[in-house]
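Please look through the structure shown below before turning to the notes that accompany it. They are arranged by topic, from the whole assembly down to single residues.

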There are 2 protein chains.
Amino acid sequence: MENIFAKRMQGVPRSFIREILKVSLDPSVVSFAGGLPNPAFFPVAEIQRATERVFATYGAGILQYSNTEGDIKLREQISARYLAKKGLSIPPENIFITNGSQQGIDLLGKVLLNDGDRVLIEEPGYLGTIQSLSLFRVQFVPVPVGDDGMDVESLGRLSDGCGAKMLYTVPTFQNPSGITYSDDNREKVAALAKRNKFIVVEDDPYGELRFSGAGARSFAQYLPEQTVLLGSFSKVVAPGLRLGWIAAPAWICEKLIIAKQAADLHTSSFTQKILYEFLLENDLDEHIKKITQAYGTQCRAMQEGLSRHFPATISFTKPEGGMFLWGRLPKEMDSMQLFQEAVREKVVFVPGDPFYTNRSKTSAFRLNFSCVDPETIEVGIKRMARALEVYGACSCRG
Amino acid sequence: MENIFAKRMQGVPRSFIREILKVSLDPSVVSFAGGLPNPAFFPVAEIQRATERVFATYGAGILQYSNTEGDIKLREQISARYLAKKGLSIPPENIFITNGSQQGIDLLGKVLLNDGDRVLIEEPGYLGTIQSLSLFRVQFVPVPVGDDGMDVESLGRLSDGCGAKMLYTVPTFQNPSGITYSDDNREKVAALAKRNKFIVVEDDPYGELRFSGAGARSFAQYLPEQTVLLGSFSKVVAPGLRLGWIAAPAWICEKLIIAKQAADLHTSSFTQKILYEFLLENDLDEHIKKITQAYGTQCRAMQEGLSRHFPATISFTKPEGGMFLWGRLPKEMDSMQLFQEAVREKVVFVPGDPFYTNRSKTSAFRLNFSCVDPETIEVGIKRMARALEVYGACSCRG
C-alpha cells in the first residue's frame with residue numbers, strides 16, 4: 001500500500017536541520033546550526049506569574065473549547081502594538097492567532113494555492129516555507145536577495161506575466177541571511193506587487209530583535225490590501241507556547257478562518273490567556289532590550305572572530321538584528337563539503353542548500369549567533385577556520 | 001483579486017454550528033446544540049498543580065522549541081494506556097502529539113488524499129471531518145450507520161472497486177448519533193478494509209466516556225497495519241489544552257511527521273508537559289468515572305423526557321456513552337424547519353444536515369446532553385415538544 005500516499009508527499013525535502021540537530025546533541029560540538037532563540041532570556045518567572053493569574057482569574061472556562069479566531073484581548077494587544085511600533089492601523093478583527101507563524105504559512109497555502117501555482121520566494125529563503133509550500137505542489141519562482149533587499153530588476157522580470165499569487169519574504173533580519181530590505185527596496189517591491197497583483201506575505205519573526213540601525217517600514221504601509229503579515233511570539237517571548245498570528249485584509253481573513261477551523265478548530269485558549277496576562281503585566285520592550293543587547297554582543301563577537309580567523313575571500317552579511325549571519329565561500333566551493341570537515345572539527349552550521357528551492361552544492365552557509373556566548377563563538381570560529389584550511393579554502397586567500 | 005483563492009476553498013461548508021452558537025449565547029435559551037464537554041468536570045485544580053510542578057521541575061527548556069513528534073514521556077503514557085485499556089501494543093514511536101484530534105484529520109488528508117480521491121465516511125458523520133476533508137477536494141462515499149454500526153452490505157457494495165483510500169469512522173459513541181459499532185460489525189468492516197485496501201481511520205474522542213454496557217474492541221485489533229487511531233484529551237481532561245494524538249503504523253507515521261512539521265513545527269511543549277504531569281499524579285480512571293456518572297444521569301434524564309413528551313413517531317438512538325443522542329422525525333419532515341420553531345421556543349439543537357456530505361432537508365437531528373443538568377433537560381425537552389406541536393409533528397402521533 002506504499003503507493004497510497006498523496007502526490008504532494010513526493011519529493012518534499014526532508015528537513016536537513018533535523019539531521020544536523022542530531023550531531024549537535026554531542027556537548028563537545030559547538031553549534032552555529034540552530035535557529036533557536038536563547039532560552040536564557042525566556043521570561044520564565046514572569047510567565048509563571050501570568051499562569052498563576054490565569055488560574056486565579058478565569059476558572060474552568062479557560063480550559064474549554066474556544067473560538068477559531070483566538071482571544072480577542074490578545075488580538076487587541078497585537079493590534080495596539082502594530083499601531084505603537086509601526087504606525088499600522090490593523091483592527092483586532094483582522095488578526096487571528098495561530099500555532100506559531102509556521103501555521104500561518106500552511107494556512108495561506110491552503111487558502112491560496114492550487115497545484116502548479118507559482119510562488120515568488122526570496123532566495124535564499126526560509127526552509128520551513130520551502131518545505132511547507134512544497135506540500136501544495138507549487139512552482140517556486142526564486143528571486144535573489146542582496147544586502148539591501150530583493151533584486152527588483154529580477155522580481156520585475158520574473159513576476160511580469162507569471163501569474164504568481166504570492167511573494168514570500170522575511171524582509172527584516174532575514175532567515176537565513178540576516179539582511180534587511182531597505183524602505184526604498186520595499187516600496188519598489190510593493191509597486192511590482194500592485195502591478196502584477198500578487199499578495200506580499202511579510203513574515204516577521206525577528207523584526208523586533210534590532211541591535212543596531214533604525215527601524216524598517218512594513219509592506220502593509222505601502223500595500224495594505226495586498227499584504228499579509230505573519231507574526232510570532234517565539235523569538236520575543238518563548239516558542240514553546242506556540243503562539244503566532246496572521247494579520248490580513250478582511251477579504252482574505254474570512255477564508256483563513258475556515259482553513260484554521262478545519263486544521264485544528266483553534267489554538268490553545270489556555271496558552272493564549274497566559275500570554276495575554278504576561279503582556280498585560282510586563283514591559284515587552286524592556287524584555288526585548290535584554291535579548292537584543294545579548295544578541296548584538298554575540299553577533300559582534302562572531303563578526304570579529306570571522307574577520308580575525310577567516311580568509312578575506314569569504315564574505316559575510318552585516319545584520320542589524322535577528323539571529324543569523326550568512327557567509328559566502330568562493331563560488332567554486334561547496335558548503336556541504338565544508339560541513340563534513342567541520343563536523344570532524346566539532347563545529348556545525350547549516351550549509352546553504354536547504355535555503356534554495358532547486359539548488360545543491362551552494363557555496364553559502366548560515367551561522368546562528370543567538371545561542372552561543374562570545375567565548376564559545378571564538379572557539380567555534382577557530383574550529384571552522386581549521387575546517388576551511390583542511391577543505392582547502394585557505395588556498396583561495398586573496 | 002477575489003478569484004485568487006485556491007479551488008479547494010470553493011464550496012467548503014460554512015460551519016452551521018458556529019451560527020447556532022450565536023443563538024445559544026442568550027442565557028434564556030436551552031442548548032442541546034453544543035458539542036462541548038462539561039466544564040464542571042475539568043480538573044482545574046489538578047491541572048494547576050501539574051503546571052506548578054512543570055515550572056518547579058523543568059525551567060526554561062520547557063518553553064523552547066521541541067521535537068515534532070511530541071514529548072516522549074507523554075507518548076509513553078498514551079502507549080501504556082492503550083495496552084492497559086485495549087490490550088493494544090502500540091509503541092510510543094508510533095504515536096505523536098497533535099493539536100487535538102482535529103489536526104490528525106487534516107494531517108491524514110495531507111498525507112493521503114489527492115483531488116478527487118474517494119473517502120468512505122460513515123453517514124451521518126462528524127461534520128468537522130466533512131469540513132476538513134472537503135478542503136482536499138475529495139469525493140465522499142457515504143456509508144449508512146445503524147444502531148450496531150456500519151451497514152456492511154452497503155460498505156461492501158460501495159468499496160468494491162471504488163479505490164477509496166480511507167474510511168473515516170467514530171465507531172464508539174459516534175458523533176452525531178451516539179451509536180457504537182459492535183465487535184462483530186467491526187470485524188466485518190475490517191475484513192472489507194483488508195480486501196479493498198483502504199485505511200481505517202478510527203477517531204475515538206469519546207470511547208472512554210462509557211456509562212453503560214461493556215467495552216468495544218479497536219479496529220487496530222483486527223487490522224493493525226491499516227488502522228490509524230486518532231485520540232484526544234479534550235473530552236477526558238480538557239479541550240483548551242488542544243492536545244490529541246495520532247497512532248499509526250510506522251509506514252504512515254514517517255509521512256505524517258513531515259506533514260506535521262510543515263503545518264506548525266510541533267505542538268506546545270509546555271501544555272504537553274503539563275498534561276504529562278497531570279497524568280503522572282492523578283488517577284485518570286477515577287476522574288473519568290465522575291464524568292461518565294454525570295453524563296449517564298443526564299442521558300437518562302433526556303431519554304425519559306423524550307419518552308414522556310415526544311410522540312412515539314420520533315425515534316432515538318440509545319447511547320451507552322459519549323455526549324450525543326440522535327433523533328429521527330418522520331421521513332417527510334425537515335429538522336431545519338423544526339429548528340426554526342425551536343429557536344422561537346428558546347431551545348436549540350443541531351439539525352441533521354451538516355452531518356451529511358450531500359444532503360439537506362434531513363429529518364434527523366442531534367441532541368447533546370453533556371452540558372445540561374437534568375432539570376434544564378426537562379425544560380428544554382418540553383420546549384422542543386411545543387416546537388414539534390407548532391411544526392405539526394404531533395399530527396404524526398401513531
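The briefing below takes up the pairing of the chains, the domains of one chain, two helix packings and a few backbone details.

This is a predicted model, in which chain B is superposed on chain A by a rotation of 180° with 0.0 Å of shift along its axis. The two copies are thus related as by a two-fold rotation axis, and the contact between them takes 60 residues from chain B and 60 residues from chain A.

**Pairing of the chains**

- The superposition of chain B on chain A leaves an RMSD of 0.0 Å, and 100% of the contact residues of chain B recur in chain A, the same surface serving both copies.
- On the side of chain B that touches chain A, the elements giving two or more residues are α2 (44-58), α4 (100-112), α5 (127-134), α9 (250-264) and α10 (269-281) of chain B.
- The largest share of that side of chain B is the eight residues that come from α9(B).
- Sorted by class, the residues of the side of chain B that touches chain A are 30 nonpolar, 20 polar and ten charged.

**Domains of chain A**

- The domain assignment splits chain A into domain 1 (2-42 + 286-392) and domain 2 (64-281), and the C-alpha centres of these two domains of chain A lie 24 Å apart.
- Between them, 31 residues of domain 1 of chain A are in contact with 33 residues of domain 2 of chain A.
- On the domain 1 side of this contact in chain A, at least two residues each are supplied by α11 (284-309), β11 (324-328) and β14 (364-368) of chain A, and the largest share, six residues, comes from α11(A).
- The residues on the side of domain 1 of chain A that touches domain 2 of chain A comprise 18 nonpolar, nine polar and four charged.

**Helix packing around α10 of chain B**

- Helix α3 (residues 72-86) of chain B and α10(B) have axes that come within 9 Å and cross at roughly 45°; α3(B) and α10(B) are therefore oblique to each other, and their crossing is left-handed.
- In that packing, B:Lys73, B:Leu74 and B:Gln77 of α3(B) make the contact with B:Gln272, B:Leu275, B:Tyr276 and B:Leu279 of α10(B), a set that divides into four nonpolar, two polar and one charged.
- The axes of α2(B) and α10(B) are 8 Å apart, and the two helices pack at an angle of about 115°; α2(B) and α10(B) are therefore roughly perpendicular to each other, with a right-handed crossing.
- The residues of α2(B) that meet α10(B) are B:Glu46, B:Ile47, B:Ala50, B:Thr51, B:Arg53, B:Val54 and B:Tyr58, and their partners in α10(B) are B:Lys273, B:Ile274, B:Glu277, B:Phe278 and B:Glu281.
- By class, this contact of α2(B) with α10(B) has six nonpolar, one polar and five charged residues.

**Backbone details in chain A**

- A:Glu123 and A:Pro124 are joined by a cis peptide bond with omega of about 0°, and A:Pro124 lies in the loop between β3 (118-123) and α5 (127-134) of chain A.
- A cis peptide bond also joins A:Asn175 and A:Pro176, with omega of about 15°; A:Pro176 lies in the loop between β6 (166-169) and α7 (183-196) of chain A.
- A:Lys197, a residue other than glycine, has a positive phi near 55°, and A:Lys197 lies in the loop between α7 and β7 (199-203) of chain A.

Methods
Residues are numbered from 1 along each chain as its sequence is written. Chains are lettered from A and ligands numbered from 1 in the order in which they are written. This is a predicted model: local features need pLDDT of at least 70, side-chain atom pairs count only at pLDDT 80 or more; totals for chains, interfaces and linings use all residues. Two residues are in contact if their C-beta atoms, placed from the backbone, lie within 7 Å. Helices (H or I, at least four residues) and strands (E, at least two) are DSSP runs, numbered from the N terminus. Ala, Val, Leu, Ile, Met, Phe, Trp, Tyr, Cys and Pro count as nonpolar, Asp, Glu, Lys and Arg as charged, and the others, Gly among them, as polar. Domain bounds come from an automatic or database domain assignment. Axes are lines fitted to C-alpha atoms, for helices over the stretch in contact, and angles run from 0 to 180 degrees between N-to-C directions. Angles under 35 degrees count as roughly parallel, over 145 as roughly antiparallel, 65 to 115 as roughly perpendicular and the rest as oblique. A crossing is left-handed if the near helix is turned anticlockwise from the far one by less than a right angle, and right-handed if clockwise. Copies are superposed by least squares on the C-alpha atoms of residues with pLDDT of at least 70 in both.
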